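Trainee: I have a structure open and want to learn how to read it. Can we go through it together, feature by feature?

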Amino acid sequence: MKRIYIDYAATTPAHADVVKAMLPYFTETFGNPSSIHACGLEAKEAVESSRIEVAGFIGARSEELFFTSGGTEADNFAIKGVAYANQKKGNHIITCAIEHHAVLETCKFLEENGFEVTYLPVDGEGRVDPDAVKQAITPKTILISIMHANNEIGTVEPIAEIGKIARAAGVYFHTDAVQTTGHLRIDVNELGVDLLAMSAHKLYGPKGVGALYIRRGTKITPFMHGGGQESGMRSSTQNVPGIVGLAEAVRIARREMVEEIQRLTFLRDKLIKGILQRIEDTRLNGPLAFRLPNNVNISVSYVEGESMCLNLDLAGICASTGSACSSGSLEPSHVLRALGLSADLAYGSLRFSLGKWTTEEEIDRILDVLPKIVGKLRAMSPIYRSRQGR
Ligand code: PLP
């Protein structure tokens, strides 16, 4: 049985060209980019040309891009860095209820350390209302952090509108673009963001590397103190192979993204329509418009997401109940609860996230297998049976 991987939002396999680009930087061009000899200079050249590539991809200047160990670090760097550098001006941060834990837990930490955080609600499809952002701003607000797109339900947030509001109010604006970099067009100036987080392993690059864009002039404290790498903002010897891998992943995205958006949108819509038609009492979580091209999130009444996921796994299909970080937890997804879903519907959720190697045959196989799994589980569910009058 050929296994189907349809959990690309959790992580993507590294592209063969990415691995190929990285390999020489483990053994041949292995120098420390801070060394002044030829081996070091070669490594430094690789880091700096990667910086130009990745920065250019999001409409930034290379000196505005700082490499990190991933998306979580980039979010921490942005939020803590701006909070501590601007605390004389104010202590208020605005974010929203459906952010990734990398943002929510960072905000919680800051709340325990003297900052105040407003967690804005979202509508039934997961959208933040830009007017609500505007109304939440006080003279003490120093930072707004709203994600570009949600990792569980795929909602794309109105970042450019919020960017204009933040700019007019003179408040820094950070966006977690971990799920959109390489998947949607990004221009930091069009979006009006001052900080933007990305992670290589979500766009066919390696794990353990990411980047934070910081607009020139942003007041921010360094994230790691030490040898002064990354212009003193993030000390530690750079992960040269990882950085080269991120740049290669960006190069591939630049080439293939537009066509890939079309292809994935077609497959996504086929999967959504097929599930809603073939299985009664199902609902789509998140919107149809303003949705990531690769995200399908559904709630199936009377069955648990975990059970569906395990049965799919037995059938060779790797999907997820929500974010990789919260699956395995007994709490229903904070994202689905923020949409106003009952605990039952939140527990009955399933996420399929499509990617570069997802085929129409795979979608057809899921549409064949899933209704059978749901039928089997519902037959064992006393609540479903009593509803059917059996
Ligand atoms: N932000 C979002 C929206 C994510 O989906 C993820 C990963 O799942 C992260 C942040 C964390 O990124 P990383 O795994 O690179 O730390």
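Trainee: Which atom of the ligand does a polar side-chain atom of Thr72 lie 2.6 Å from?

Mentor: A polar contact is a pair of N or O atoms within 3.5 Å; within protein, one must be able to donate a hydrogen and the other to accept it, and residues adjacent in sequence count only if both atoms are side-chain atoms. Here the partner of Thr72 is an oxygen atom of the ligand. Asp176 also has a polar side-chain atom 2.6 Å away, but from a ligand nitrogen atom. For His100, a side-chain N or O atom is 3.5 Å from a ligand oxygen atom. This is a predicted model: local features need pLDDT of at least 70, side-chain atom pairs count only at pLDDT 80 or more, and totals for chains, interfaces and linings use all residues. Residues are numbered from 1 along each chain as its sequence is written, and side-chain values use heavy atoms, with hydrogens and water left out.

Trainee: Which residues around the ligand come nearest?

Mentor: Near a molecule means that a heavy atom of the residue lies within 4 Å of it. There are 13 residues around the ligand, and Gly71, Thr72, Asp176, Ser199 and Lys202 come nearest.

Trainee: What span should helix H3 have?

Mentor: Helices are DSSP runs (H or I, at least four residues), strands too (E, at least two), numbered from the N terminus. The expected span is 1.5 Å times one less than the number of residues. H3 covers residues 38-57, 20 residues, so it should span 28 Å; its end C-alpha atoms are 29 Å apart, which agrees.

Trainee: Which residues of H3 are buried?

Mentor: Buried means under 20% relative accessible area, exposed over 50%, partly exposed in between (1.4 Å probe, protein chains only). In H3 the buried residues include Ala43, Val47, Arg51 and Phe57. Helix H2 (24-27), strand E2 (65-68), strand E7 (195-199) and H9 are among what covers them.

Trainee: Where does the largest nonpolar core lie?

Mentor: Such a core is a set of buried Ala, Val, Leu, Ile, Met, Phe, Trp, Tyr and Cys residues joined through side-chain atoms within 4.5 Å. The largest has 56 residues; Ile58, Leu65, Ile144 and Leu196 have the most contacts inside it. Helix H9 (residues 240-278) gives the most, 10 residues. Domain 1 (4-10 + 257-387) and domain 2 (16-252) both contribute, so this core lies between them. Those bounds come from an automatic or database domain assignment.

Trainee: Is Glu230 buried or exposed?

Mentor: Glu230 is buried, because its relative accessibility is 4%. Its phi is positive, near 50 degrees.

Key:
Contact = heavy atoms within 4.5 Å.
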